[in-house]
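Got the model open in your viewer? Let's take a short walk through it, one selection at a time.

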Amino acid sequence: MARKISVDADFDRRLLIAMGAGGLVFSTLMARLFQLQFLQEEHYAKLAAENHIRLVMSPPERGEILDRFGRPLASQRQAGRVSVVPERMKNPEETLDQIGRYIDLPPERRRRILDEVRANRMRNASFVPVTVAQELSYEEFARLRVHAVEIEGADVQMGSTRSYPRGRDFAHVLGYVARASAEDLDRMTQGRSPEEVKIFREMLRHPDIRVGRQGMERFAEDWLRGRPGRRRVVTNAHGRPMEELAQDPRQAAVPGKDLFVTIDAELQRTAIERFEGESGAAVVIDIASGDILAMVSTPAFDPNAFVNGISGKDYAELRDNPMAPLYPRAHGGVYPPGSTFKMVVATAALEAGVVKPTDTVRCGGSYRFGNRTWHCWKRGGHGVMNMHNGIKHSCDVYFYEIARRTGVRKIAEVAHKFGFGETFVLGMTGGRSGLVPDPEWKMKARGEPWFEGETLNFGIGQGQLGTTPLQLALMTARIAATGAPLRPKLIGLGPPSDEDPVLDKPLDPAIMEIQKAGMFGVTSEPGGTGYRSGDLGLGGPRLAGKTGTAQVRRITAEERAKGIRGGAAIARELRDHALFVAYAPTDNPKYAISVIVEHGEGGSRTAAPVARDILAAALRMDSGRTPTYARRASNTVPDTDGPGGGDPA
């Protein structure tokens, strides 16, 4: 009996312990449940939401580039696009086969897409879309849109793309945009924080994002790009977007800023048309403001072809075209200036005091120096020439003599005053400085001394001297402005181009008046080499200018004796370049111009009529309108500290 009581007591004790332990566990569970359900409800609701809500990059709208009166030169437009997302595809080749039923997919493009899909997977970026085709036609977009649900990993939608509505007209000024390369990423992330680099990487892989590759698009990349934002998107278990939630204004993308150039798009088009298919360049400058009103390089390429990637075949056609459409002639083309340089030599001679305007030189058609003979372009010679007539008739013998008296160093010094030998960026890429040779340059470059005979060639704008059409226009503008300082501008409203030199080295106004009188004689006095080009056809205003012919080959003594060949008698690439510089009106100069017609032979015959018609158009279009950017210059614009403005999103 006593044993039974002891067993029952032990059982009761164990039961109480078990019940106590169970109660403790139950109480703990209930407390934890209370904590999860009530005290931490908001926290876990947020975590649950984040399991199916993704923050998706929202690309910024790239800023527009507009001409001086607000006409769009580069803008954004909507276009149909199909892309694939690597993480949503089991078999990329099968997906491309399905897409290929509705649009044309050449083998070269298929290979590129598959390579990009593999690359995204290798760098753990399978979520980044790979563009299959852009610029879809209405029919292609409609077909793919209907069948997209049947194609694994395909995404068909309207996207934003860069557009150049004026095509080739501004190709060498604006450049173009393209998909970002590894080099672009390295260049754009130098000196940035790891967080900014991460944002850049994500942004630049977005199918809508393009970066400036050349020209103003590249120079003003930070200004134009804008700042990316974030969109909240509800996704299903497979990561496919199902719904877009309301946008948080603080995470909205910030569009890029608009950029205004100083060019008048209508004048640019007129100038291009005037070349009538010839290759060459023209630059028009507002003398008072320094605004560049036209900058033509022709022929040119269509920048629209580069936006979504140009094929190797199409690029090879551009690269190998003998007319060189990729060559930025206006600011990157280097040519001997020929006789258009003679005003620089005359200025140097007067500054040096080695001649007076009335001093004369007799031209018999040749000039003997040492054991060589230098020839004048006029076989029988010009007779007795003073400075005015030397410029008017473009007498080579006169300029051989005054160049010899002046010396190479003084001529080079004055050439730099006019802007020769300087690089002008002006917001573009591809600009070149040309070359103003002197004894120090020759010794450094070639290890040879300077010979005085080289100074004679320098005196007529030949030899090693190399100039750009832009520099020739700046020289002309300084002469027309009677030596006043000049600061050329191509960006009206946008990021400053601080590296560009200001042409403010002193030039004697009296000497400039002598050069202007000589240029007037060229176009408005009988015997002037451009006499028929002075009349602008506007019932009064005239232009003053200077012709030039730049040799591209050496003429032998035998050919000179038999008669110099030209025109159809020699291949086009052996014909001389034709140049002309001018300003108008002569009594109150407003615009200066330089024109080069490659292999056009005669400056008066080929280049002068082109320059005359462009200047006449500039004067006709001159309505006194204030440029649009001048009215908008005071508007506030966002900063550009992060990937396109302000702090990174």
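A polar contact here is a pair of N or O atoms within 3.5 Å, where one must be able to donate a hydrogen and the other to accept it. Keep in mind that this is a predicted model.

**Stop one: a helix and its two ends.** Select D438 and helix α19, residues 439–446. D438 caps the N-terminal end of the helix, with a side-chain oxygen 3.2 Å from the backbone nitrogen of E440. Now slide along to what follows α19: that's G447, with a positive phi near 70°.

**Stop two: a hairpin.** Next, pick strands β14 (residues 366–369) and β15 (residues 372–375). They run antiparallel and are joined by four bridges. Show side chains and you'll find Y367 of the hairpin standing opposite W374 in β15. Two residues sit between the strands, and G370 takes a positive phi near 60°.

**Stop three: two packed helices.** Now select α11 (residues 265–274) together with α24 (residues 603–621). Which way do these two helices run relative to each other? Their packing angle is about 160°, with the axes 10 Å apart, and angles over 145 degrees count as roughly antiparallel. So α11 and α24 are roughly antiparallel to each other. The crossing of α11 past α24 is right-handed.

To light up the contact, colour E266, L267, T270, A271 and R274 on α11, then P609, V610, D613, I614, A617, A618 and M621 on α24. Sorted by class, that contact holds eight nonpolar residues, three charged and one polar. While you're looking down a helix, remember that an α-helix has 3.6 residues a turn, so residues three or four places apart point the same way.

Definitions and conventions:
Residues numbered from 1 in each chain as written. Predicted model: local features only at pLDDT ≥ 70, side-chain atom pairs only at ≥ 80, totals over all residues. Heavy atoms only, no water. Axes fitted to C-alpha atoms, helices over the stretch in contact; angles between N-to-C directions. Parallel < 35°, antiparallel > 145°, perpendicular 65-115°, else oblique. Left-handed = near helix turned anticlockwise from the far one by under 90°. Contact = heavy atoms within 4.5 Å. Nonpolar A, V, L, I, M, F, W, Y, C, P; charged D, E, K, R; others polar. Pairing = 2+ DSSP bridges.
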